Amino acid sequence: MAVPKRKTSRSRTRSRRAQWKAGAPALVPVTVGGREVQVPPRLARAVREGRVAID
């Protein structure tokens, strides 16, 4: 594993962390009870089967 040779300054560390941004989750349409809702793909099956409540 790489080991840094000297300490990273606060400003350098914080500016690097500030570049990270969370992306919006991909949503897929699922029809439940005659109503179409947008849910993440990994929850689509659970929503169709009624295991996850939709507001």
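Reader: Which residue of strand 2 is the bridge partner of Val28?

Author: In strand 2, Val28 has Val39 as its bridge partner. Strands are DSSP runs of E with at least two residues, helices are runs of H or I with at least four, and both are numbered from the N terminus. This is a predicted model, in which local features need pLDDT of at least 70, side-chain atom pairs count only at pLDDT 80 or more, and totals for chains, interfaces and linings use all residues. Residues are numbered from 1 along each chain as its sequence is written, and side-chain values use heavy atoms, with hydrogens and water left out.

Reader: How many bridges join strand 1 to strand 2?

Author: Two strands pair if DSSP finds at least two bridges between them. Here 5 bridges join strand 1 (residues 28-32) to strand 2 (residues 35-39). The two strands run antiparallel. Val30 also has a bridge partner in strand 2, namely Val37.

Reader: What do strand 1 and strand 2 form, and which residue in the turn has a positive phi?

Author: They form a hairpin, with 2 residues between the strands. Gly33 sits in the turn and has a positive phi of about 60°. Gly50 also takes a positive phi, of about 85°, just after helix 2.

Reader: In what order do the elements of the protein chain run?

Author: Start at the N terminus and read α-β-β-α. That comes to 2 helices and 2 strands. The radius of gyration is taken over C-alpha atoms, and the globule rule is 2.2 Å times the number of residues to the power 0.38. The rule gives 10 Å for 55 residues, but the protein chain has 21 Å, so it is more spread out than a compact globule. Its C-alpha atoms fill a box of roughly 60 × 25 × 15 Å along the principal axes.

Reader: Where does Ser9 lie?

Author: Ser9 is in the segment before helix 1 (10-18). Its C-alpha atom is separated by 52 Å from that of Thr31, 22 residues along the chain. Now compare another pair. Val39 and Pro25 are 14 residues apart in sequence, and their C-alpha atoms are 9.0 Å apart.

Reader: Is Val39 buried or exposed?

Author: Use relative accessible area: buried means under 20%, exposed over 50%, and partly exposed in between (1.4 Å probe, protein chains only). Val39 has 6%, so it is buried. Ser9 has 37%, so it counts as partly exposed. Over the protein chain, buried residues make up 13% of the 55 residues.

Reader: Which residues make up the largest nonpolar core?

Author: A nonpolar core is a set of buried Ala, Val, Leu, Ile, Met, Phe, Trp, Tyr and Cys residues joined through side-chain atoms within 4.5 Å. The largest one here has 5 residues: Val30, Val37, Val39, Ala44 and Val47. Strand 2 and helix 2 (41-48) are the elements that give two or more residues to this core.

Reader: What is Val39 in contact with, leaving aside its neighbours within four places in sequence?

Author: Contact means heavy atoms within 4.5 Å. Val39 then touches Ala26, Leu27, Val28, Val30, Ala44, Val47 and Ile54. Apply the same sequence cut to Val30, and its contacts include Val37, Val39, Ala44 and Val47, along with Arg48.

Reader: Which residues of helix 2 are buried?

Author: Ala44, Ala46 and Val47 are the buried residues of helix 2. An α-helix has 3.6 residues a turn, so residues three or four places apart point the same way. Strand 1 and strand 2 are among what covers the buried residues of helix 2.

Reader: How many salt bridges does the structure hold?

Author: Look for a side-chain nitrogen of Lys or Arg within 4 Å of a carboxyl oxygen of Asp or Glu. The structure holds 2 such salt bridges. One joins the side chains of Arg45 and Glu49, at 3.1 Å from N to O. Another joins Glu49 and Arg51, at 2.6 Å from N to O. Salt bridges that share partners thus make one network of Arg45, Glu49 and Arg51.

Reader: Why does Arg45 count as exposed?

Author: Arg45 counts as exposed because its relative accessibility is 56%. Arg51 is exposed too, at 58%. Glu49 has 44%, so it counts as partly exposed.
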